[in-house]
Amino acid sequence: MTVDVEPGRLRTEADEPGWEVDPDDEWGVAVIATVGRQLRLRREAAGMRAAEFGQAVGYGEDLVYKIEGGKRIPRQEYLDRADEVLDAGGMVSAMWEDVKKVRYPKKLRDLAQSEAKAVEIQLYDPLNIHGLLQTPEYARGLLLMRRPAYSADEVERFIGARVARKAVFERDPAPELSFVLEEWTLRRPLGGRAAQRRQLEHLLEAGQLRNVELQVMPMDREEHAGLAGGIEVLKFADGSAVGRSPVVAGGRPVAEPRQLHILELRYGIIRAQALTPRESTAFIEQLLGET
């Protein structure tokens, strides 16, 4: 989230929620510490004090020290401005390539990396619209419902991570994506009615992609194979696969053929019980008209 700052006022931590370093992310901590150290060395080599440098880039002295000390993740605009002030010829700006790899929580980075390699993804979430399909407004409404509550920093980081994962839709060649959505998740107006409408419109847009199939599980179904929990199966070009579900191996990722067979069998039954993609599109359009 970008916060508008009054002209002439230096940015503080309050202006940039969601850019704290996760102390449990060893690789992320190492990367941000290295970037911060390089920034400090370049600033000192240029003969600039932290307060003077902060004034030049538009950041408060305390925030400059925290970035250089590896306590805060620098934004891309900070690195670009620092590159100009230090006359680094693009070397500081180039640090963003490393920073952006650790910008989001490790768990979500690992998931995004797996999704980026998959050639086929099968997804069923019985509780919410799946993260890959969420609009930022829906994601915010969902995260704000968490109890105990997430901090403002955590909310912004999780939203950013979910948005970043959507790069899977832009890959070439594109993976085959299959989603089964619960009707009740489409009806709950998380974030308000306007956010619900935007979410439904987004689902219709996603469903038009040739590599995407959306199916809705109606609430009036008397038979439902997905009540035990969600399912996620990712298949890769080399023929391997990995899956995950709360009812298999305690929710841990599994790659053993027998366990994967169970997940795919359950997913196939769920798809057969849900509306067809064409019927699902018509259902979402009808729901949008009622919203």
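Start by selecting helix 4 (residues 76-85): its buried residues are Tyr 78, Leu 79, Ala 82 and Asp 83, where buried means under 20% relative accessible area with a 1.4 Å probe, protein chains only. Looking down the axis, you will find that they cover an arc of only 135 degrees, which puts them on the same side of helix 4; the arc is taken from the directions between the helix axis and the C-beta atoms.

A word on what you have open: this is a predicted model, in which local features need pLDDT of at least 70 and side-chain atom pairs count only at pLDDT 80 or more, while totals for chains, interfaces and linings use all residues. Residues are numbered from 1 along each chain as its sequence is written, and side-chain values use heavy atoms, leaving out hydrogens and water. Helices (H or I, at least four residues) and strands (E, at least two) are DSSP runs numbered from the N terminus.

Now add helix 1 (26-45), helix 2, helix 3 and helix 5 (96-99) to the selection: the buried residues of helix 4 pack against these. Just after helix 4, pick Asp 87, which has a positive phi of about 50 degrees.

Next, keep helix 2 (residues 50-57) and helix 3 (residues 61-68), whose axes come within 8 Å and cross at roughly 100 degrees. Axes here are lines fitted to C-alpha atoms, for helices over the stretch in contact, and angles run from 0 to 180 degrees between N-to-C directions. That crossing makes helix 2 roughly perpendicular to helix 3, a label used for 65 to 115 degrees. Show Ala 50, Ala 51, Phe 53 and Gly 54 of helix 2 with Glu 61, Val 64 and Tyr 65 of helix 3 to see the contact, meaning heavy atoms within 4.5 Å.

Move on to the sheet. Five strands form an open sheet with mixed pairing, in the order 3-2-1-4-5; two strands pair if DSSP finds at least two bridges between them. Strand 3 (212-217) and strand 5 (241-244) stand at the edges with a single partner strand each, so one side of each has no neighbour in the sheet. Select strand 2 (residues 176-182) beside strand 3: the two run parallel, joined by six bridges. Within strand 2's neighbourhood, Leu 181 stands opposite Val 216 in strand 3.

Finally, bring in helix 11 (residues 257-273), which lies across strand 1 (118-125), strand 2, strand 3, strand 4 (231-236) and strand 5, at about 115 degrees to strand 4.

Zoom out to finish: the protein chain has 12 helices and five strands, and buried residues make up 44% of its 291 residues.

Key
Parallel < 35°, antiparallel > 145°, perpendicular 65-115°, else oblique. Buried < 20%, exposed > 50% of the residue type's maximum accessible area, 1.4 Å probe, protein only.
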